[in-house]
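Me: I am new to this structure and would like to understand the terms used to describe it. Please explain how each one is justified.

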Amino acid sequence: MLVILVSAALLATGLLASASLFPTRSALERALVALLFAHAAAIGLVEMLALFDAIARPGLVASAVVLAALTILGTGASAMTRARDDLGRLRALVVGASTSPTLAVSMLVALVVLTLASSAAWLLAPWAWESLAYHLPVSSDAIQSHTLREVPTHVVYARSYPHLGAVFLTAHRLALGDDALAETMQIPFVSLAVIAITLAARR
C-alpha cells in the first residue's frame, strides 16, 4: 500500500534528521522530534505541491520518497546507525512495558480503544461535531483543485482558522487513497502525545 510507503519515507526522514541534529539526546527524545519532523514534512510537501497546482497522490508519493532519499544522503552513515539503534531501544522499551502487569493492562485498554476508534472511522462518515469535520472543506477543496486557496464558501469558519491541520489531513487522505479511514489522521498525533507524556513522566 502506498500509505505505508509514504509513512515509512516520512518517518525515515524524521528519524534521520533527529539523529543527525540531536546526537546527544535520548532515543525517546529523538523519537518525539522525529515525529514532529515527519508531521512537518507532510505539511511541507503539500504546501510545495500547491505551488505547482500539483496536489495529487502521485506527487505526494514521489516527493516523500525523494525527500527521504535526500535525507539519507545528507545525514550520513552515523545518523543511520543512530536511528537504527534508536528503533531498537524503542522496541525494547515497548517490550519491557508489556511485561509490567500494570502497563500491560493499560496497553490492552489502549488497544481496545484504538480498535473501537478505527472501527468507527471505517463504518461512520464524519459528523459536524467531530474534530475532523471542520478540516474537511479546505482539504477537499485542495484535493479537487490541486492547490491551496481560499475556500469558495459562505461558511465563515472554513476561512477563519489556521489550516495546517487541514493541510496535514490532505497529505493523509492522499496517502490513504481512500476516505474510509480518513479519521485515522488523529493516530499520528496520539503517538506524539504518548511519547511527550512518557518523557514528562520520566522527568
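Reply: The following exchange concerns the nonpolar cores and the packing of helices. This is a predicted model, in which local features need pLDDT of at least 70, side-chain atom pairs count only at pLDDT 80 or more, and totals for chains, interfaces and linings use all residues. Residues are numbered from 1 along each chain as its sequence is written, and side-chain values use heavy atoms, with hydrogens and water left out.

Me: What makes a set of residues a nonpolar core?

Reply: The term denotes buried Ala, Val, Leu, Ile, Met, Phe, Trp, Tyr and Cys residues joined through side-chain atoms within 4.5 Å; buried means under 20% relative accessible area, exposed over 50%, and partly exposed in between (1.4 Å probe, protein chains only). The largest such core here has 26 residues, and V6, L10, V46, I55, L60 and A64 are those with the most contacts inside it. Its largest share, eight residues, comes from α2; helices (H or I, at least four residues) are DSSP runs, numbered from the N terminus.

Me: Why is α2 called roughly perpendicular to α6?

Reply: The two helices pack at an angle of about 85°, with axes 8 Å apart. Axes are lines fitted to C-alpha atoms over the stretch in contact (heavy atoms within 4.5 Å), and angles run from 0 to 180 degrees between N-to-C directions. Angles under 35 degrees count as roughly parallel, over 145 as roughly antiparallel, 65 to 115 as roughly perpendicular and the rest as oblique; therefore α2 is roughly perpendicular to α6.

Me: Why is α1 called oblique to α2?

Reply: Their axes come within 7 Å and cross at roughly 130°, which makes α1 oblique to α2.
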